[in-house]
Amino acid sequence: MGLILVHHDTDSPALYGAVAAAVAAGENHRFMHLDARFDTSRHADAKQHAVAKGGLAASGLYWFERLSGQPVAPPATIEAIFDAARIEDIVVPVHPAFMADAEAVSALAARATGVVNVDDRGDRFLNRETGAVLAWRDCFGRITLAPTEAASAAALKIALIGARRDHIGVYPSALASLADAADSLSIAVSIDFIDPADFGEADADMVLRPYAGVLLPGGSDMKNVPGQTAVAAFALENAVPAVGLCLGMQTMATAVAWKAFGRRGANLAEADPDAGIKTFLAMAGEEKADGGLLPDHRSGDQITRPVAGTRLADIIPCDTTVRCNHRFRLNPDILGDLETHGLRVAALGVDGAVVDAIEVPDHPFYMGMQGHPELSSRANAPHPLIVAFLKAALLQHRPENRNRFSDLHDA
């Protein structure tokens with residue numbers, strides 16, 4: 001029984017707890033963590049990992065779920081860690097730059113039975129004292145317990161509509177989910193990052209035309225909304241396969257609203273409180289059909305129900321779980337107008353009061369989910385929505401794959 005500290009001096013929120021999680025998973029030890037703090041003015045999504053039971057944790061703790069198959073527990077107190085270490089081996093990550101309690105490091109060190117100092121080599125993490133490899137990191141940023149083979153020459157170009165610094169260094173799961181899906185299809189992908197904050201709508205054709213598909217991720221930084229929506233509009237108008245995750249679904253629906261109400265008339269209430277047409281509204285204080293109130297913040301694992309006859313219903317089960325983290329829902333007052341302009345509700349949640357997914361049937365692939373399917377992706381079990389998106393992108397890019405992906409083509 002003992003307390004093992006894994007000391008990783010990194011300034012990357014995406015690596016918070018990652019190597020400690022690898023040590024815990026590799027040694028079959030219990031993983032515990034202290035509260036973390038981040039400079040959200042630099043790293044807006046550093047604490048946006050939606051926990052299965054609800055609430056948010058450091059985004060780097062995603063690696064613990066992937067490597068161990070266990071849910072992330074809430075932050076522990078030092079006393080709870082000491083108590084647990086009396087009866088079993090406990091692994092605790094130590095990141096001096098991110099510890100909410102500055103005195104916690106010395107308090108833990110005084111009681112530790114072992115300290116692992118991490119030497120970060122980029123593609124691998126070593127025990128500084130022994131030289132042993134603790135974990136590996138592949139070209140997609142995925143933390144693994146064994147090295148992975150590099151893919152052959154890239155066959156498919158995908159644009160991830162986010163800043164590289166965010167998806168490599170802060171919120172790693174969207175990129176990892178794309179790589180998981182590509183592995184499952186035995187295809188090589190080349191993923192480029194397009195920062196929506198710098199995206200100019202006038203340059204859309206030149207910038208986006210080379211890509212077989214675009215992924216619009218979630219995120220809490222509203223400065224990304226105009227660029228994301230412009231990308232979604234281009235994908236909608238030019239038959240480019242697109243998938244949206246949480247905020248990405250919201251900007252995809254807003255792109256349809258641009259068709260209905262004009263390109264400058266509609267926006268998310270969160271991004272533009274003065275928008276003439278608000279495509280997504282806060283759930284707080286809103287009622288369901290039965291008179292009950294919607295949750296102010298819908299978080300954790302939630303049931304979503306695909307609508308019968310939709311393409312999404314052919315991709316995910318009739319009642320499925322999706323990890324959620326949102327406070328806004330599609331404005332029900334404009335749903336009829338959106339449907340007139342091609343949108344279809346693909347899934348519902350909260351007793352039918354929240355649109356959980358959308359799609360555009362008359363499009364090669366235009367689907368978004370209000371939840372975070374990327375958080376459920378694993379190395380050998382990618383999320384089926386991301387797999388279906390890559391199938392559509394490959395089919396659009398190489399029509400000779402139609403027989404291979406007949407399930408999608410016929411949907």
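Me: How should I read the exposed area of this chain?
Reply: Accessible areas come from the Shrake-Rupley method with a 1.4 Å probe, and for residues only the protein chains shown count as cover. Here the chain exposes about 16,900 Å², and carbon and sulfur atoms supply 48% of that. Do keep in mind that this is a predicted model, where local features need pLDDT of at least 70, side-chain atom pairs count only at pLDDT 80 or more, and totals for chains, interfaces and linings use all residues. Residues are numbered from 1 along each chain as its sequence is written, and side-chain values use heavy atoms, with hydrogens and water left out.

Me: What share of the 411 residues is buried?
Reply: Buried means under 20% relative accessible area (1.4 Å probe, protein chains only). By that cut-off, 55% of the 411 residues are buried.

Me: How do I judge the overall shape?
Reply: Take the radius of gyration over C-alpha atoms and compare it with the globule rule, 2.2 Å times the number of residues to the power 0.38. For 411 residues a compact globule would come near 22 Å, and the chain has 22 Å, so the two agree. Its C-alpha atoms fill a box of roughly 65 × 55 × 40 Å along the principal axes.

Me: Why is helix 1 largely enclosed?
Reply: Helices are DSSP runs (H or I, at least four residues), numbered from the N terminus. Helix 1 spans residues 18-27, and 7 of its 10 residues are buried, so the rest of the structure largely encloses it. Among those buried are Ala-18, Val-19 and Ala-24. Asn-28 follows helix 1, with a positive phi near 60°.

Terms used: Buried < 20%, exposed > 50% of the residue type's maximum accessible area, 1.4 Å probe, protein only. Helix = DSSP H or I, 4+ residues; strand = E, 2+ residues; numbered from the N terminus.
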